[in-house]
Amino acid sequence: MASLADPSKVQPMDVTNLNDPNRSNRRVAYYYDHDVGNYHFFLGHPMKPHRIRMTHNLISNYGLCDEYEYDAPHPEGEGARVVNDITQGMDEELEDAVKWERRVLAGPRGRAMQVFRPRRATKTDMTKFHTDEYIDLLEAVTPETADAMTGGGIRCLTGEDCPAFEGVFEFCTISAGGSLGAAEKLNGGLADIAVNWAGGLHHAKKSEASGFCYVNDIVLGILELLRIHPRVLYIDVDVHHGDGVEEAFYTTDRVMTCSFHRFGEFFPGTGDVRDNGIKRGKGYAVNVPLRDGITDATYHTIFKPVIAKIIETFRPGAIVLQMGADSLSGDKLGGFNLTLEGHAECARFVRSFNIPTMLVGGGGYTIKNVSKAWTKETAIMCGIELPEDLPYNRYMEYFGPRYKLEVLPTNVDDHNPPEYIEALKRHIFENLRDLPHAPGVQMREVSSKPLSRVMGISKEDEDDDPDNDLDARIKKLLRQRQMNGDVDSESDSDSDVAAQARPNRARRQGGLSLRPNPRPRVNGFPASKRQPSSSPEGDDCDGRKKRQFFKARVGDGVWDPTSLLNGGQRPNDGLVNGVKPKLFGGIPETWNVGRASRAGSPMSVS
Ligand SMILES: [Zn+2]
């Protein structure tokens with residue numbers, strides 16, 4: 001494949017050499033629903049679904065597909081329309097093959113991939129992971145009823161990050177529908193790579209929205225892939241920890257999760273290098289906590305060896321790659337310093353293993369850069385290196401003054417010294433060495449029961465799930481702590497269980513029963529620094545002492561992840577100064593959900 005580093009070698013749109021291992025036999029299925037760009041969180045909210053529409057427009061203007069042409073794999077799918085009907089009446093499999101061949105043979109500007117408008121996800125699809133109660137609420141809630149339905153914002157939709165914007169449920173049906181369609185396409189063997197940029201919403205929990213994510217399309221997609229594949233690898237390059245996906249599969253060895261993320265006083269606060277799964281899943285969660293300002297060179301000294309080692313050890317049948325673009329340099333919420341080339345290299349590297357792969361989006365808040373990244377990465381999946389000069393497109397004014405397919409690095413310092421990266425690698429490799437090679441799976445378990453129930457992540461299994469003993473013990477322990485303010489008095493074994501099982505607890509409880517009100521949680525702080533909080537004065541005192549403790553622990557407010565490699569401290573539970581950090585903390589004074597949501601023109605948002 002030509003390298004962008006040398007523009008003279010770029011051979012754009014060369015799709016003729018089907019024997020090129022980088023080009024051939026990668027049938028790419030791309031999922032897109034034009035309606036996704038219609039939804040608005042609220043004016044000033046950093047998450048802008050419009051970026052998906054910008055991406056699609058750039059992709060089509062580069063000639064990778066026709067903007068308004070969709071194949072409709074499910075004719076009954078809402079809004080689906082069949083553009084080319086010569087395949088009508090054919091056997092479904094043959095039909096797909098014919099359509100694909102036509103794409104490839106259509107010539108240099110002949111669309112490099114199949115384009116699908118996904119079937120919308122249904123409530124039944126969603127409740128394979130989420131609780132019925134949560135999805136019912138999501139479907140019914142409106143900006144006007146949100147306060148009453150969420151008990152003043154303390155259940156399901158908490159805080160300002162996840163507002164009940166108009167059309168929130170429909171938005172989720174599109175996002176999740178794309179990932180389900182992509183997974184089904186891979187399962188059917190009808191594509192080697194499937195792309196859904198509207199997906200990748202990795203923070204959503206079983207019964208709670210989090211970090212701009214409502215329905216976890218990734219978990220749903222992985223559950224679908226597990227019907228066919230004994231083992232699925234999840235890789236997350238979003239700047240934030242992929243906590244929702246990690247939690248969902250924290251106790252299974254059938255899904256390995258691997259997240260590269262900024263760590264330390266940063267949302268969601270989880271993702272310590274020592275958090276690596278529990279029970280059967282012990283060792284099957286990999287966390288790579290990084291510091292601010294990481295560059296391409298530093299990033300790939302750890303990304304490539306870790307991914308190569310995981311694939312060698314785990315031997316996944318399918319990969320889900322979350323390409324959150326907030327790890328790019330210049331992102332509004334990020335803090336990393338990756339260029340477009342460095343970000344895309346992750347996709348190129350994963351593609352080189354030639355394992356069925358699903359690509360999903362995720363974060364990304366400087367939207368011109370998001371659309372550039374996902375366009376370039378779509379092309380790479382097709383084996384095409386795009387020219388740097390952007391083609392004319394509807395959103396051209398976003399890309400000035402250079403109009404280039406590039407994201408340049410800034411001159412911020414890289415706070416990831418080589419010794420820190422080496423320490424992380426050493427720790428991760430030691431863990432991977434302990435794992436059995438390509439763990440076997442008792443496929444007989446995949447019976448008539450829904451897969452999520454077999455996996456132990458569906459609520460219906462609670463009666464017959466031995467994990468519930470563990471949950472009950474943890475719950476009791478934590479209640480005890482809350483009552484007597486004593487966290488150090490429990491036995492070592494209980495302490496270990498509680499520390500290890502925190503994400504499990506949050507998953508099963510939906511974070512609700514243990515968090516009856518939105519006051520900061522105080523788990524994890526030693527008893528000597530805590531007071532019983534029976535009065536407002538007590539709370540203040542408690543909060544002050546927690547802050548003092550935090551300062552004493554991490555110096556002048558700067559978290560030092562290296563210190564966590566030295567042992568002796570517990571894995572953190574995501575709390576900073578006793579509070580879970582917000583992805584996006586502030587609602588502008590001008591917030592008006594009703595007025596700002598679902599505005600008609602895509603150009604009304606910038
Ligand atoms: Zn993110």
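Let's start with one pairing: Asp236 has Ser259 in strand 5 as its bridge partner. These two residues belong to a junction in which five bridges link strand 4 (residues 232-236) with strand 5 (residues 255-262), the two running parallel. Strands here are DSSP runs of E with at least two residues, helices are runs of H or I with at least four, and both are numbered from the N terminus. Two strands count as paired if DSSP finds at least two bridges between them.

A word on the source: this is a predicted model, in which local features need pLDDT of at least 70, side-chain atom pairs count only at pLDDT 80 or more, and totals for chains, interfaces and linings use all residues. Residue numbers start from 1 along each chain as its sequence is written.

Stepping back, the open sheet has eight strands in the order 2-1-3-8-7-4-5-6, with parallel pairing. At its edges are strand 2 (114-116) and strand 6 (285-290), each pairing on one side only.

Strand 8 has these neighbours:

| Strand joined to strand 8 | Bridges | Direction | Opposite residues |
|---|---|---|---|
| Strand 3 | Four bridges | parallel | Ala194 and Met358 |
| Strand 7 (residues 318-322) | Four bridges | parallel | Leu321 and Leu359 |

From strand 7 the chain passes through helix 10 (residues 340-351) to strand 8 in a right-handed β-α-β crossover (clockwise from the first strand over the helix to the second, with the strands pointing away from the viewer).

Strand 8 is covered on both faces, with Thr357 and Leu359 buried on one side and Met358 and Val360 buried on the other (buried: 20 or more other C-beta atoms within 10 Å of the residue's own, with C-beta atoms placed from the backbone).

Note on methods. A residue is buried if 20 or more other C-beta atoms lie within 10 Å of its own, exposed if 12 or fewer, and partly exposed in between; C-beta atoms are placed from the backbone.
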